[in-house]
Amino acid sequence: MSLVVDAVRKSFGSVTALDGVSFSVAPGSVFGYLGPNGAGKTTTMRILLGVLTPDGGEARWRDVPTRSVPRGTWGYLPEERGLYARMRVLDHLVFLARLYGIADDVARRDARAWLKRFRIADMEERRVGELSKGNQQKVQFIAALLHDPEVLLLDEPFTGLDPVNASLLRDAFTELRDAGRTLIFSTHVMENAEALCDAVAILDRGRIVTSGTVRDVRRTSGRQVVRLAVDGEDGGALAWLSALPGVTVTRPGRDFTEVVVGAGRDPQSLLLEAQARGERVLRFEIADPSLEHVFIDLVGRPIEDEAELHLASGGPTPDLADDGAERSSGARAEAGGEVA
Amino acid sequence: MRDPLFPNTVVVAIRELRERVRGRAYRLATLFLVAVAVGITLAPIGLRAADQNTVSYIGVYAAEDDLAATHILFLEESLNTPPAGEDPDRWERPYRIERVATPDGAIAEVRSGRRSAALIVERTEDGGLDFAYHSRDVAPLRDATILLAAQSVSLLDWAEIVRGTSDVPPYHQPKLRTVNETLAQDGGQVVDQQLLASRFFLAVIFVVMIFVAILIYGMWVASSAAAEKGSRIMELLIAAASPLQLMLGKVAGTGLAGLVQYIAFLVPAAVVVVLQGRIEGFLFGSTGGGAPLAGVTLHILAAYGVFFVLGFLLYAFMYAAAGSIVSGLDDLQLLAMPMSLLPFIGCIAAILGLPAIGSPLVVFLSFVPFFSPFVMLARILVGRVQPWEVALSIGLLVVSIVIAAWLASRVYRAGVLIYGQRTSWRTFLRAAGLLPAG
């Protein structure tokens with residue numbers, strides 16, 4: 001009784017957006033769908049919504065093909081934000097809720113409650129276009145959940161939110177999960193994924209490169225992170241660490257140095273090496289690599305680079321072919337798709 | 001069924017309607033149209049008011065000089081007497097009454113419009129008088145006055161004959177023959193030329209109004225779809241409602257907004273048309289039977305309403321599809337010109353076809369759905385159309401609307417998600433389900 005994505009394939013012309021993607025999400029859990037721009041995240045979400053039809057494979061929710069599931073099952077926050085700028089906030093929320101069959105008075109009442117929850121109750125009569133980007137995003141988030149969907153599909157929900165609003169959103173995530181809702185979200189902020197997700201999947205070039213619980217995924221590579229600090233004026237700067245085979249310094253610091261230790265090396269050997277060099281060790285910590293480390297390992301480039309590439313490309317975001325169109329090694333991609 | 005048409009189509013339509021009619025531009029445009037419509041319908045009265053200061057020429061033909069002079073005298077006294085309170089020296093006489101040389105010349109001048117009317121007096125064998133009165137416009141008060149004057153002259157003439165004779169001949173009751181020179185023969189039927197001219201005028205007005213409505217309201221539909229894509233709210237909408245629901249709601253809502261605007265300026269215009277006669281009677285003391293909009297009847301208004309709605313629907317679906325395939329409002333401008341070509345051809349065909357409304361080409365075009373809203377309406381207004389022809393034209397139009405809606409929904413569902421990138425036609429048609437996947 002879960003969301004199952006089974007060997008889903010989708011191409012747009014000559015571009016393969018999804019190539020046999022499979023994963024499952026337990027009901028009532030928070031699932032992080034991670035991947036660089038162009039990986040196929042949005043395409044996957046559109047297939048789940050029934051907006052796009054897969055070329056092969058199937059997506060099912062509680063054993064029913066997602067195309068046949070009532071639209072109200074899903075709440076969707078697209079990556080590209082967009083609202084009617086001239087509509088008033090409350091009217092806008094009520095309009096979208098009514099498309100999901102919610103009665104006018106119920107939608108109005110619940111919308112007011114959520115607006116209050118997100119600290120924008122005083123803006124219900126303002127036109128959407130008069131709101132800041134962050135507040136528009138909160139309105140759009142409320143629009144996604146106002147009809148009380150079983151599953152929330154959230155494409156980059158934290159983008160553009162300040163720390164206070166991001167915290168409000170995280171609290172809402174937790175509350176919704178505790179209320180039995182299933183949340184699937186994509187994000188570039190790995191800290192959010194680590195903090196919120198019960199499980200994640202990392203998608204690259206239309207394929208799942210790893211998936212599972214956050215702990216399992218962090219252990220996928222077999223590498224480990226070591227944080228080491230020694231006594232001295234510059235106790236965090238340990239230049240000799242970078243000379244060790246199988247060790248990569250990821251965060252040289254004044255207080256401590258963080259390194260990633262390869263699978264073939266015992267992290268304890270670093271402690272022995274420090275002692276052998278006569279260092280007085282103040283801190284020695286072994287941890288699993290962060291999701292960001294795993295992501296860089298598997299995808300081969302940091303997320304920030306992806307974001308910069310995306311912004312630098314300029315022009316309208318290719319959408320129908322999703323980010324998949326961007327993978328076409330410089331060639332203009334054909335796009336096509338169908339909407340249910 | 002996952003996506004029944006209702007209630008989402010209604011929800012979308014209501015939003016479209018509300019947002020449209022609440023806009024300041026909409027309200028200003030509506031007020032402007034009301035002013036223009038009332039102005040147009042009042043124009044004939046204004047023209048007639050201007051006409052008040054012009055002189056009408058009346059011709060009198062009588063073979064006998066005395067008889068002609070007497071008639072002219074009587075008519076001068078009857079028609080050119082200044083109203084009470086007017087200074088006779090400064091008052092402009094509205095009629096010039098002149099003797100004409102021949103009856104045929106008098107009739108020819110009336111037909112050509114040089115004279116408003118001509119009275120032809122003929123002496124009968126029994127010594128009495130007969131009259132033929134030829135006119136080209138409708139002026140009941142003037143006509144009655146002239147004919148009354150003729151009667152009076154006839155009596156005077158008889159009195160002159162019987163003076164001093166004991167053998168008094170019986171009074172010859174004059175024959176009064178009135179001929180309206182604006183009536184012509186067409187296909188064995190009498191056609192009122194003035195009514196025909198009025199119908200021509202109406203046909204041009206109605207056809208142009210449908211054309212403008214299709215262009216403006218069609219672009220509303222297209223720009224609304226394009227704006228939703230441009231603002232990316234389409235992403236939210238297609239998750240909540242099916243493309244067919246969204247498209248039908250958009251067409252219905254925009255169409256209703258257009259209809260509201262239409263009613264807003266048609267109602268005051270219609271009131272003016274209905275009251276035209278009374279207004280003229282109040283202003284000029286006569287009815288406005290000759291007003292250019294006198295040809296408006298209920299069945300013509302009904303035909304106009306039917307072809308307006310059907311024509312709008314046919315083109316609105318095409319505009320919706322066009323709006324869905326562009327990335328934003330800027331791109332839509334590029335499509336505006338080619339999109340307007342079909343209705344433009346229909347409009348021009350209807351107007352140019354008016355003088356030859358029964359020609360095979362015009363008849364053919366009146367059944368072609370893209371053109372029938374214009375051409376069939378023109379045929380109904382100025383030609384003779386069999387009921388089955390109207391029914392067939394409407395039937396074909398309805399079938400075309402259903403096909404257009406189906407095709408547009410396929411294009412719409414593929415088009416609403418395309419942004420930025422170049423898409424081949426084959427890929428697009430496949431995405432729309434109009435070509436098999438390959």
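**Entry 1. Helix 2 and helix 3 of chain A**

I began with helix 2 of chain A and helix 3 (residues 104–117) of chain A, whose axes come within 9 Å and cross at roughly 125°. That angle makes helix 2 of chain A oblique to helix 3 of chain A. I note for the record that the model is a predicted one. I then looked up the hand of this crossing and found that helix 2 of chain A and helix 3 of chain A cross in a right-handed manner.

Next I listed the residues that meet. From helix 2 of chain A they are A:Val89, A:Leu90, A:Asp91, A:Leu93, A:Val94, A:Ala97 and A:Arg98. From helix 3 of chain A they are A:Asp104, A:Ala107, A:Arg108, A:Ala111, A:Arg112 and A:Leu115. I sorted the residues of this contact by character and obtained eight nonpolar, no polar and five charged.

**Entry 2. Helix 2 of chain A against chain B**

I followed helix 2 (residues 89–99) of chain A to helix 1 (residues 8–22) of chain B; the two pack at an angle of about 155°, with their axes 9 Å apart. Helix 2 of chain A is therefore roughly antiparallel to helix 1 of chain B, since an angle over 145 degrees counts as such.

Which residues make this contact? On helix 2 of chain A, I recorded A:Asp91, A:Phe95, A:Arg98 and A:Leu99. On helix 1 of chain B, I recorded B:Asn8, B:Val11, B:Val12, B:Arg15 and B:Arg22. The residues of this contact divide into four nonpolar, one polar and four charged. I also noted that A:Asp91 and A:Arg98 are listed in the contact with helix 1 of chain B and are listed again in the contact with helix 3 of chain A.

**Entry 3. Chain A as a whole**

I counted 10 helices and 14 strands in chain A. Chain A has 340 residues, of which 51% are buried. Taking the contacts in chain A between residues at least 6 apart in sequence, I found that 68% join residues at least 24 apart.

**Entry 4. A:Glu258**

I looked up A:Glu258, which sits in strand 13 (residues 257–261) of chain A. Is A:Glu258 buried or exposed? Its relative accessibility is 3%, so A:Glu258 counts as buried. With its neighbours within four places in sequence set aside, A:Glu258 touches A:Val225, A:Val226 and A:Arg227, the run A:Thr248, A:Val249, A:Thr250 and A:Arg251, and also A:His293.

**Entry 5. Two residues of chain A with positive phi**

I checked backbone angles with the general rule in mind that most residues other than glycine have a negative phi. A:Glu156 has a phi near 55°, a positive value in a residue other than glycine. A:Glu156 is found in the loop between strand 7 (151–155) and helix 5 (163–178) of chain A. The relative accessible area of A:Glu156 is 4%, and A:Glu156 is therefore buried.

A:Arg205 has a phi near 50°, again positive in a residue other than glycine. I located A:Arg205 in the loop between strand 9 (199–204) and strand 10 (207–213) of chain A. At 49% relative accessibility, A:Arg205 counts as partly exposed.

**Entry 6. Chain B as a whole**

I turned to chain B, which holds 14 helices and seven strands. Chain B has 438 residues, and 46% of them count as buried. Of the contacts in chain B with a separation of 6 or more, 72% are between residues 24 or more positions apart.

**Entry 7. B:Asp143**

I placed B:Asp143 in helix 5 (residues 140–162) of chain B. B:Asp143 counts as buried because its relative accessibility is 16%, the cut-off being under 20%. Outside its neighbours within four places in sequence, B:Asp143 is in contact with B:Tyr133 and B:Asp137.

I then examined the pair with B:Tyr133. B:Asp143 and B:Tyr133 stand 10 residues apart in sequence, and their C-alpha atoms are 8.6 Å apart in space. Their side chains make a polar contact at 2.6 Å.

**Entry 8. Helix 12 and helix 13 of chain B**

I closed with helix 12 (residues 372–382) and helix 13 (residues 387–415) of chain B, whose axes come within 11 Å and cross at roughly 170°. Helix 12 of chain B is thus roughly antiparallel to helix 13 of chain B. The crossing of these helices is left-handed.

Helix 12 of chain B contributes B:Ser372, B:Pro373, B:Met376, B:Arg379 and B:Ile380 to the contact. Helix 13 of chain B contributes B:Glu389, B:Val390, B:Ser393 and B:Leu397. I sorted these contact residues into five nonpolar, two polar and two charged.

Notes. Residues are numbered from 1 along each chain as its sequence is written. Chains are lettered from A and ligands numbered from 1 in the order in which they are written. This is a predicted model: local features need pLDDT of at least 70, side-chain atom pairs count only at pLDDT 80 or more; totals for chains, interfaces and linings use all residues. Side-chain values use heavy atoms; hydrogens and water are left out. Axes are lines fitted to C-alpha atoms, for helices over the stretch in contact, and angles run from 0 to 180 degrees between N-to-C directions. Helices (H or I, at least four residues) and strands (E, at least two) are DSSP runs, numbered from the N terminus. Angles under 35 degrees count as roughly parallel, over 145 as roughly antiparallel, 65 to 115 as roughly perpendicular and the rest as oblique. A crossing is left-handed if the near helix is turned anticlockwise from the far one by less than a right angle, and right-handed if clockwise. Contact means heavy atoms within 4.5 Å. Ala, Val, Leu, Ile, Met, Phe, Trp, Tyr, Cys and Pro count as nonpolar, Asp, Glu, Lys and Arg as charged, and the others, Gly among them, as polar. Buried means under 20% relative accessible area, exposed over 50%, partly exposed in between (1.4 Å probe, protein chains only). A polar contact is a pair of N or O atoms within 3.5 Å; within protein, one must be able to donate a hydrogen and the other to accept it, and residues adjacent in sequence count only if both atoms are side-chain atoms.
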